[in-house]
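These are my notebook entries on a structure that I went through on screen, one topic at a time. I wrote down what I looked up and what I found.

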Amino acid sequence: RSYTIAVLPGDGIGLEVTPPALRCLEAAAERFGFTLNFRHFEWASCDYYLKHGKMLPDDWKRLLQECDAIYFGAVGDPARVPDHISLWGSLLRFRREFDQYINLRPCRLMRGVPSPLANAKPGSIDFLTVRENTEGEYSSIGGMIFEGTERETVIQDTVFTRVGVDRVIRYAFERARARPAKKLTSATKSNGISITMPYWDQRVAEIAKEYPDVKVDKYHIDILCAHFVLRPHIFDVVVGSNLFGDILSDLGPACTGTIGIAPSANLNPVSKRTDPDWKPSLFEPVHGSAPDIAGKGIANPVGMIWAGQMMFEHLGETEAAAAVLAAIENVLGDAQDRLQKGGEDVLTPDMGGKGTTEGLGKAIEIALKTS
Ligand code: NAI
Ligand code: MG
């Protein structure tokens, strides 16, 4: 088996977490007998933009479509290029033009990572958020009327299509069905948003009939956020519209400690390359380019490495994926134990240590080679 991976490190700490992460993925590939061919691209970065006046080369779509998956660091250099140019000119184009309609984020409390939740224990938080990634509240339909007058009014429409809603809900049910707890929670707000949200609820109820083995519940988004903080152990798979999913998929990882470890997958779930509808999916850490710590060599590489783990799952390399996750968990857990005994410190500062990007990356790479 052999895979071609488009590597786009982007800006800031994206450039720092990518090399150690690639070495971890290579170690896993070698151990499980497949090869990774990395195609390194310097575009989708602010440096490229400042040189060429655009974020992407004209043939970007073809270049990415030739690869099996996209491995993306982080884009953004707000002091030199406005964020709406860098993000809309790269990442958001990939999501839309490759129809990556699922945004998937695992949320897991790991040994060794301090959680802000006082009573949370490792293993007690382990769920997936599934966010609709292409429509919903983030439409560009709307505008302003009576501008500059007392009656000035802005309107922005929410768009839920049957196809768009059904495909994300069905995907979430499939994920729930494949997990031991087989439970799906839907985020709604049908008490306040009286047209689109009842429709969402109705589609969840309809599709639930196809999944009698999956337990379903729903919460309004406001109380759901409270439960994320107060009772995170009750969740298994959580599905939400573009806006609600966006909120939940940042809140979840925040409850498990640092955003530096959180990964994310932007999926077009058609995973067979031979399918005429196939388009590449994109794997990235949740965090951005972190200009405040860029260049210091202290960025946490775990988010990037874990994103590679999700990429392995998508490619069907489930054994390698499991090994990468185990290596991350073991290294972080053992590091915390060692640290408490006054030993070597590989935890980066966001996890309370004095370690470096290279040092932590190396520890995970070694764990993958030796375990
Ligand atoms: P950010 O995620 O880059 O940083 C937020 C805070 O978390 C900072 O204090 C940073 O030091 C810390 N942090 C982030 N990742 C870390 C890691 N791996 N290890 C240790 N600490 C980490 O978000 P911010 O500051 O709002 O945005 C900075 C730039 O990144 C902007 O240009 C923004 O548009 C862009 N951005 C890009 C994203 C992407 O490429 N998907 C996502 C979020 C932001
Ligand atoms: Mg967000």
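Which residue in strand 3 does Leu8 stand opposite? I noted Phe72 as the residue that faces Leu8, and I kept in mind throughout that I was reading a predicted model.

Entry on the strand pair. I looked up the pairing around these two residues and found that strand 1, residues 2-10, runs in the parallel sense to strand 3, residues 69-74, with 5 bridges between them.

Entry on the sheet. I then followed the sheet from one end to the other and recorded 10 strands in the order 2-1-3-12-11-4-5-10-8-9, with mixed pairing and an open arrangement. Strand 2 (35-40) and strand 9 (215-220) each have a single partner strand and stand at the edges, so one side of each lacks a neighbour in the sheet. For the twist I noted an average turn of 25 degrees between neighbouring strands of this sheet, direction ignored. Helix 6, residues 162-177, packs on the sheet, where I listed contacts with strand 4 (102-108), strand 5 (126-132), strand 8 (183-188) and strand 10 (237-240); the direction of helix 6 makes about 165 degrees with that of strand 5.

Entry on a helix pair. I looked up helix 1 (residues 14-32) against helix 12 (residues 357-370), and found that their axes come within 9 Å and cross at roughly 5 degrees. Because angles under 35 degrees count as roughly parallel, I wrote helix 1 down as roughly parallel to helix 12. Among the residues that meet in this contact are Glu16, Arg23 and Arg31 in helix 1 and Glu358, Lys362 and Lys369 in helix 12. By class, I recorded 8 nonpolar, 2 polar and 7 charged residues in the contact of helix 1 with helix 12.

Entry on the domains. The domain assignment splits the protein chain into domain 1 (1-108 + 258-371) and domain 2 (126-255), and I noted 26 Å between their centres, taken over C-alpha atoms. Across the boundary, 17 residues of domain 1 are in contact with 18 residues of domain 2. On the side of domain 1 that touches domain 2, helix 5 (91-97) and strand 4 are the elements that give two or more residues, and strand 4 supplies the largest share with 7 residues. I divided that side of domain 1 into 9 nonpolar, 3 polar and 5 charged residues.

Entry on the ligand. I found 23 residues around ligand 1, the closest being Gly76, Gly260, His287, Gly288 and Asn300, and the shell around ligand 1 divides into 11 nonpolar, 8 polar and 4 charged residues.

Terms used:
Residues numbered from 1 in each chain as written. Chains lettered and ligands numbered in written order. Predicted model: local features only at pLDDT ≥ 70, side-chain atom pairs only at ≥ 80, totals over all residues. Pairing = 2+ DSSP bridges. Helix = DSSP H or I, 4+ residues; strand = E, 2+ residues; numbered from the N terminus. Axes fitted to C-alpha atoms, helices over the stretch in contact; angles between N-to-C directions. Contact = placed C-beta atoms within 7 Å. Near = placed C-beta within 6 Å. Nonpolar A, V, L, I, M, F, W, Y, C, P; charged D, E, K, R; others polar. Parallel < 35°, antiparallel > 145°, perpendicular 65-115°, else oblique. Domains from an automatic or database assignment.
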